[in-house]
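Colleague: I am new to this structure. Could we go through some of the labels used for it and the reasons behind them?

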Amino acid sequence: MGHVGEATRRPELRKVLTERVRADIDANLAYHEASGLPGDAMAVKLLILALNWLIVEQLTLPEVFTEAEREELVTAAVERIVAVGGTTDAA
């Protein structure tokens with residue numbers, strides 16, 4: 001995930017990455033709302049943050065969690081965040 005560190009040093013890269021990531025988040029939110037999946041916009045954003053960090057952890061420190069632990073973490077994140085999120089709501 002070197003591009004994140006590089007974006008800190010290079011404002012032009014930060015601008016491009018910010019626009020790209022924001023567009024991806026907006027697309028995920030629009031898809032989620034249109035599909036009628038459970039959970040609201042906040043649940044989607046929380047899942048994006050939680051799962052992205054788990055990916056970073058796996059790429060940089062792959063021995064921190066076993067494969068079984070990662071599967072349990074993903075399942076728990078979805079179940080807990082979506083259960084709390086309630087209905088789809090643009091937030």
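**Pockets, pairs and a buried arginine**

Modeller: This is a predicted model. A place to begin is the second largest pocket, where α2 gives the largest share of the lining, 5 residues.

Colleague: Which residues line the second largest pocket?

Modeller: The lining consists of V21, R22, D24, I25, N28, K45, I48, L49 and N52. Two or more of these residues come from each of α2 and α3. The volume of this pocket is about 200 Å³.

Colleague: How do the residues of that lining divide by class?

Modeller: There are 4 nonpolar, 2 polar and 3 charged residues in the lining of the second largest pocket. The lining of the largest pocket has 9 nonpolar, 3 polar and no charged residues. The largest pocket has a volume of about 230 Å³, and α3 provides the largest share of its lining, 4 residues.

Colleague: What makes the pair D24 and R20 a salt bridge?

Modeller: The cut-off is 4 Å between a side-chain nitrogen of Lys or Arg and a carboxyl oxygen of Asp or Glu. For D24 and R20 the N to O distance is 2.3 Å, so the pair counts as a salt bridge. The two are 4 residues apart in helix α2, which means about one helical turn separates them.

Colleague: Why is D24 called partly exposed?

Modeller: Partly exposed lies between the limits of 20% and 50% relative accessible area. D24 has 33% relative accessibility, so the label applies. R20, with a relative accessible area of 48%, is partly exposed too.

Colleague: Why does K15 count as exposed?

Modeller: K15 has 52% relative accessibility, and exposed means over 50%, so K15 counts as exposed. Its salt bridge is with E19, at 2.7 Å from N to O. E19, at 44% relative accessibility, counts as partly exposed.

Colleague: How do you know that R22 and D26 form a salt bridge?

Modeller: Their closest N and O atoms are 2.8 Å apart, and the limit is 4 Å, so the pair qualifies. A search of the whole structure finds 4 salt bridges.

Colleague: Why is R70 not given a salt bridge with E67?

Modeller: E67 is the nearest side chain of opposite charge to R70, at 4.8 Å. A salt bridge needs the atoms within 4 Å, so R70 has none with E67. R70 is nevertheless buried, and it lies in helix α4. Apart from neighbours within four places in sequence, R70 is in contact with L54, Q58, P62 and F65.

Methods
Residues are numbered from 1 along each chain as its sequence is written. This is a predicted model: local features need pLDDT of at least 70, side-chain atom pairs count only at pLDDT 80 or more; totals for chains, interfaces and linings use all residues. Side-chain values use heavy atoms; hydrogens and water are left out. Buried means under 20% relative accessible area, exposed over 50%, partly exposed in between (1.4 Å probe, protein chains only). Lys and Arg count as positive and Asp and Glu as negative; His and the chain ends are not counted. Contact means heavy atoms within 4.5 Å. On a 1 Å grid over the protein atoms alone, a cavity is a set of points where a 1.4 Å probe fits but cannot get out, and a pocket is an open set with protein on both sides within 12 Å along at least five of seven lines; lining residues have an atom within 4 Å of a point. Grid points are joined across faces, edges and corners, and a volume is the space filled by probe spheres set on the points. Ala, Val, Leu, Ile, Met, Phe, Trp, Tyr, Cys and Pro count as nonpolar, Asp, Glu, Lys and Arg as charged, and the others, Gly among them, as polar.
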